[in-house]
Amino acid sequence: SEDRRGGWRDATRSLPNGHPVWPGDTPFELARTARLEDGDSVNLMRASGTTHLGTHLDAPWHVDRDGARVESVPLDVLIGPGLVVDVRGGTGPVRAAELPDGALPGRVLLRTGQPDAWTSFPDAIRPLSVDAVRHLAARGARLVGTDAPSVDELDSRDLPVHHACN
């Protein structure tokens with residue numbers, strides 16, 4: 001539901017035990033380590049797996065050995081007004097022509113059509129194009145998000161869109 005009072009909206013995916021991860025990456029696991037019903041004074045869980053999971057931020061270091069790591073990304077890049085752009089129904093990479101013109105808020109999230117919850121890792125996505133990233137940046141976007149597991153094609157090795165986001 002949409003909050004029309006200007007309140008906060010959480011755009012993160014839930015992370016159930018066994019959430020699908022990038023093929024070959026470390027599986028995600030949640031395990032109980034303390035239980036009130038077993039006489040422990042608290043309930044606790046251990047989370048293990050990859051950081052490249054669910055809703056996440058690819059800091060510049062992800063594709064640049066000298067790039068800033070996630071702890072260096074200012075919080076104001078992540079928090080504040082944003083715009084969700086629905087690009088479902090298109091084919092191929094998201095192009096600049098599908099995106100709004102004019103000034104944009106600092107955060108733009110693209111809804112490409114991925115389901116809200118995955119039962120398996122997707123075998124097809126709608127990636128972004130380099131021209132789309134440049135279009136968004138030129139209009140004020142400092143953060144570009146997508147519901148897909150990557151901004152590049154799933155089989156990309158040179159990751160041109162990741163590099164354009166840096």
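## Aromatic pairs

The structure, a predicted model, holds 2 aromatic pairs. One of them joins Trp22 to Phe121 in an edge-to-face arrangement, with 5.2 Å from centre to centre and 75° between the planes. Trp22 belongs to the segment before strand 1 (29–34) and Phe121 to the loop between strand 4 and helix 2, so this pair ties together parts that are 99 residues apart in sequence. The rings of Trp118 and Phe121 have their centres 5.8 Å apart and their planes at 70°, so this pair is edge-to-face as well.

Trp22, Trp118 and Phe121 thus make up one aromatic cluster. Burial within the cluster can be given residue by residue: Trp118 counts as buried at 11% relative accessibility, Phe121 counts as buried at 19%, and Trp22 is partly exposed at 25%. The limit for a buried residue is under 20% relative accessible area.

## Charges over rings and the setting of His19

Trp118 also takes part in an interaction with a charged side chain: the charged end of Arg13 sits over the ring of Trp118, 4.4 Å from its centre. A further case involves Arg69, whose charged end sits over the ring of Trp61 at 4.1 Å from the ring centre.

His19 is found in the segment before strand 1. What does His19 touch, not counting residues up to four places away in sequence? The contacts of His19 are Arg13, Ser14, Phe28, Leu53, Gly54 and Trp118. Arg13 and Trp118 therefore appear both in this list and in the charge-over-ring arrangement. His19 is buried, with a relative accessible area of 5%.

## Overall architecture

The chain contains 3 helices and 5 strands, which follow one another from the N terminus in the order β-β-α-β-β-α-β-α. Along the principal axes, the C-alpha atoms fill a box of roughly 60 × 45 × 35 Å.

Of the 166 residues of the chain, 31% count as buried. The exposed surface amounts to about 10,800 Å², of which carbon and sulfur atoms supply 50%. Among contacts with a separation of 6 or more, 63% are accounted for by residues 24 or more positions apart.

## The largest nonpolar core

The largest nonpolar core has 14 residues, and those with the most contacts inside it are Val85, Val87, Leu99, Val108, Leu110, Leu128 and Leu136. Two or more residues are given to this core by strand 4 (107–111) and by helix 2 (130–138). Helix 2 gives the most, with 3 residues.

Val87 illustrates the surroundings of one core residue. Leaving aside neighbours within four places in sequence, Val87 is in contact with Val94, Glu98, Leu99, Leu110, Arg111, Thr112 and Arg126. Leu99 and Leu110 are named among these contacts and also among the core residues with the most contacts.

## Helix 2 and its surroundings

His135 lies in helix 2 and is buried, with a relative accessible area of 10%. Beyond residues up to four places away in sequence, His135 touches Ala96, Leu99, Pro100 and Asp101. His135 and Arg95 are 40 residues apart in sequence, and their C-alpha atoms are 9.0 Å apart in space.

Arg95 forms a salt bridge with Asp131, the closest N and O atoms being 3.2 Å apart. Arg95 is in the loop between strand 3 (82–86) and strand 4, while Asp131 is in helix 2, so the salt bridge ties together parts that are 36 residues apart in sequence. Both partners are partly exposed, Arg95 at 41% and Asp131 at 29%.

## Further salt bridges

The count of salt bridges comes to 9. In one of these, the side chains of Arg139 and Asp101 meet at 3.7 Å, N to O. Arg139 lies in the loop between helix 2 and strand 5 and Asp101 in the loop between strand 3 and strand 4, so parts that are 38 residues apart in sequence are tied together. Arg139 is partly exposed at 26%, whereas Asp101 counts as exposed at 62%.

Asp76 forms a salt bridge with Arg142, with 3.5 Å between the closest N and O atoms. Asp76 is located in helix 1 (residues 75–78) and Arg142 in the loop between helix 2 and strand 5, so the pair ties together parts that are 66 residues apart in sequence. Asp76 is partly exposed at 44% relative accessibility, and Arg142 is partly exposed at 49%. Arg32, Arg35, Glu37 and Asp38 are linked in a network of salt bridges.

## A positive phi angle

Leu159, a residue other than glycine, has a positive phi value near 50°. Leu159 lies in the loop between strand 5 (143–146) and helix 3 (160–165), and counts as partly exposed at 22% relative accessibility.

Note on methods:
Residues are numbered from 1 along each chain as its sequence is written. This is a predicted model: local features need pLDDT of at least 70, side-chain atom pairs count only at pLDDT 80 or more; totals for chains, interfaces and linings use all residues. Side-chain values use heavy atoms; hydrogens and water are left out. A nonpolar core is a set of buried Ala, Val, Leu, Ile, Met, Phe, Trp, Tyr and Cys residues joined through side-chain atoms within 4.5 Å. Buried means under 20% relative accessible area, exposed over 50%, partly exposed in between (1.4 Å probe, protein chains only). Helices (H or I, at least four residues) and strands (E, at least two) are DSSP runs, numbered from the N terminus. Contact means heavy atoms within 4.5 Å. Rings of Phe, Tyr and Trp (its six-membered ring) pair if their centres lie within 6.5 Å; planes under 30 degrees apart count as stacked, over 60 as edge-to-face and the rest as tilted. A charge sits over a ring if NZ of Lys or CZ of Arg is within 6 Å of the ring centre and within 35 degrees of the ring normal. Accessible areas come from the Shrake-Rupley method with a 1.4 Å probe; for residues, only the protein chains shown count as cover. A salt bridge is a side-chain nitrogen of Lys or Arg within 4 Å of a carboxyl oxygen of Asp or Glu.
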